[in-house]
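User: I would like to go through this model and ask what stands behind the terms used for it. Please set each value against its definition.

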Amino acid sequence: MAESKSNELMERIVSLCKRRGFVFPSSEVYGGINGFWDYGPLGAELKRNVKEAWWRSMTQQRDDVVGLDATIIMHPAVWRASGHVDTFSDPMIDCKTCKGRFRADQIAEIPCPQKPSKCVAECHGEKTEARAFNLMFRTTVGPVESEENLAYLRPETAQAIFVQFKNVLETSRQKVPFGICQVGKAFRNEVTPRNFTFRSREFEQMELEFFIRPDEVIQKLAGQVAAVDPADPLAVLRAPVATWGWEAWHKYWVEERLRWYESIGLPRTSLEEYWQTREELAHYAKATVDILFKFPFGTQELEGIAARGDFDLSQHQKHSGKSMEYFDEEAKAKYIPHVIEPSAGVDRLALALLCSAYTEEEVADEKGRKETRVVLKFHPRIAPVKVGVFPLLKNRPELVERALAIRDRLRPHLSVFYDESGAIGRRYRRQDEAGTPFGVTVDFETLGEAGPELRDTVTLRDRDTMQQTRVRIDDLLPLLLEKIR
Ligand code: GAP
């Protein structure tokens with residue numbers, strides 16, 4: 001897509017998000033704060049649905065993954081052990097003339113604060129050498145602001161899983177291979193937040209740490225480690241087997257995650273797998289696959305799936321002095337498990353879903369005039385509102401009464417939006433923009449005015465095809481539940 005076209009599209013998506021209450025700039029009445037975003041009524045529902053779908057598929061529908069909900073602020077030693085204190089930084093350059101601070105690798109792209117219309121490359125001020133700028137937000141714990149009381153807002157949820165590994169293992173009675181997952185806030189003082197919510201300073205992650213036997217243990221136990229067949233790599237998706245080493249488990253999680261994205265409505269064609277090169281890999285990683293999504297502003301990372309070896313547990317064992325070893329009864333061996341980590345961002349995914357769902361179509365209105373219909377074609381599973389319920393006319397109490405009764409009947413099971421104001425066509429359009437997959441209209445046929453055979457039926461409108469079918473009120477709930485599941 002040409003750059004100006006994709007910028008335009010992104011602008012229209014951002015504007016819809018604001019107009020319809022998906023996303024607002026944080027603290028907007030004070031001019032906003034760069035890199036922080038709030039989710040409005042529809043955005044909050046969308047995010048909840050994303051997190052719930054992830055949680056359900058990651059733990060509730062599996063026997064081998066359990067959940068955790070840990071604190072955002074942890075003992076600062078956690079971040080020394082994990083390497084974040086020393087290495088979680090971007091190289092920064094200061095300009096001595098304009099006093100701007102820039103990421104060394106992005107210096108040509110960033111506007112100079114003194115001359116915002118100009119690129120910093122044009123600001124000829126003398127630059128400092130690149131210096132490391134740590135991305136963790138700092139705070140102090142307790143009433144005294146001192147270095148001893150220094151703490152950090154977590155830059156990832158993963159470390160809490162590693163430091164609670166033993167507690168979870170002992171209380172959940174899981175056996176390796178098994179996983180611990182967590183959803184929660186993470187904070188990074190990003191130097192250049194950008195692309196709407198894509199790179200924010202406060203965001204949410206959904207992370208799984210899946211603990212596996214080291215390959216040497218499998219080798220000893222079974223004589224060999226199952227190889228991933230390059231001719232049939234999807235063979236790993238057939239139920240996990242005890243002889244899988246890290247390569248098979250890694251491939252398995254890449255496939256699982258891709259399938260999950262498809263299950264919530266991101267077409268496979270909008271996703272790409274990117275295998276990091278040896279030079280790009282973090283020093284502890286054996287392999288990392290990024291799942292990329294084709295955003296209007298470029299194909300960018302949605303999730304990283306890393307084979308982290310035993311790096312994190314070993315570091316915490318070393319720094320805390322507490323054993324992170326696991327006794328494997330079957331293998332009769334003690335070892336520090338290795339880890340496969342699928343790590344996704346909720347906000348990035350919500351943005352990908354919005355971009356993927358955003359559609360403009362030319363349609364005819366009731367009078368046959370052409371108009372542009374903006375519709376968010378969300379998968380029903382993640383749509384913020386599942387069904388709109390409308391009386392055809394609001395000044396006919398018998399229609400309103402039936403519509404309210406239907407709303408109350410559906411509401412315990414689905415998120416329902418009741419709307420009686422304006423022409424029915426406009427109400428449909430409003431729900432199209434909100435991404436509501438189904439609309440139920442109570443009309444005179446419902447009351448039996450067109451004959452007894454249509455009494456107690458309603459029209460059910462499909463958002464994407466705009467087709468309307470007649471459905472018995474008694475059949476509505478099971479029908480909708482079937483379509484939404
Ligand atoms: N524990 C591994 C880890 O945190 P990461 O690649 O730094 O890995 C994982 O982050 C995911 O978190 C990313 O793929 C992205 O979806 C999300 N993420 C990271 N930084 C983000 C930011 N500044 N804004 C929004 N999402 C972010």
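User: How many residues of the shell around the ligand are nonpolar, how many polar and how many charged?

Analyst: This is a predicted model. The shell around the ligand has nine charged residues, five polar and five nonpolar ones. Asp, Glu, Lys and Arg count as charged.

User: What makes a residue part of that shell, and which are the closest?

Analyst: A heavy atom within 4 Å of the molecule is what counts. The ligand is surrounded by 19 residues, and the closest are Glu 156, Arg 188, Ser 200, Glu 207 and Glu 301. At least two residues of the shell come from each of strand E10 (202-212), strand E13 (298-309) and strand E16 (338-345).

User: Why is the pair formed by Glu 207 and the ligand called a polar contact?

Analyst: The cut-off for a pair of N or O atoms is 3.5 Å. A polar side-chain atom of Glu 207 is 2.5 Å from a nitrogen atom of the ligand, so the pair qualifies. Glu 341 also qualifies, because an N or O atom in its side chain is 3.0 Å from a ligand nitrogen. For Phe 198 the polar atom belongs to the backbone and lies 3.3 Å from a nitrogen atom of the ligand, therefore within the limit.

User: How much of the ligand does the protein bury?

Analyst: The protein buries 88% of the 550 Å² that the ligand exposes when taken alone.

User: What makes domain 1 and domain 2 count as being in contact?

Analyst: Contact requires heavy atoms within 4.5 Å. Six residues of domain 1 (2-76 + 153-353) meet this criterion with five residues of domain 2 (385-484), so the two domains are in contact. Their C-alpha centres lie 39 Å apart. About 480 Å² is buried between the two domains, with 44% of that area from carbon and sulfur atoms. Of the area that domain 1 buries against domain 2, Arg 20, Leu 42 and Asn 49 supply 63%, more than any other three residues.

User: Which value shows that the peptide bond from Val 176 to Pro 177 is cis?

Analyst: Omega is near 5° for that cis bond. Pro 177 is in the loop between helix H6 (165-172) and strand E9 (178-187).

Note on methods. Residues numbered from 1 in each chain as written. Predicted model: local features only at pLDDT ≥ 70, side-chain atom pairs only at ≥ 80, totals over all residues. Heavy atoms only, no water. Polar contact = N/O pair within 3.5 Å; in protein donor to acceptor, adjacent residues only side chain to side chain. Areas by Shrake-Rupley, 256 points an atom, 1.4 Å probe, with all protein chains shown as cover. Helix = DSSP H or I, 4+ residues; strand = E, 2+ residues; numbered from the N terminus. Domains from an automatic or database assignment. Buried area = accessible area lost by both parts, 1.4 Å probe.
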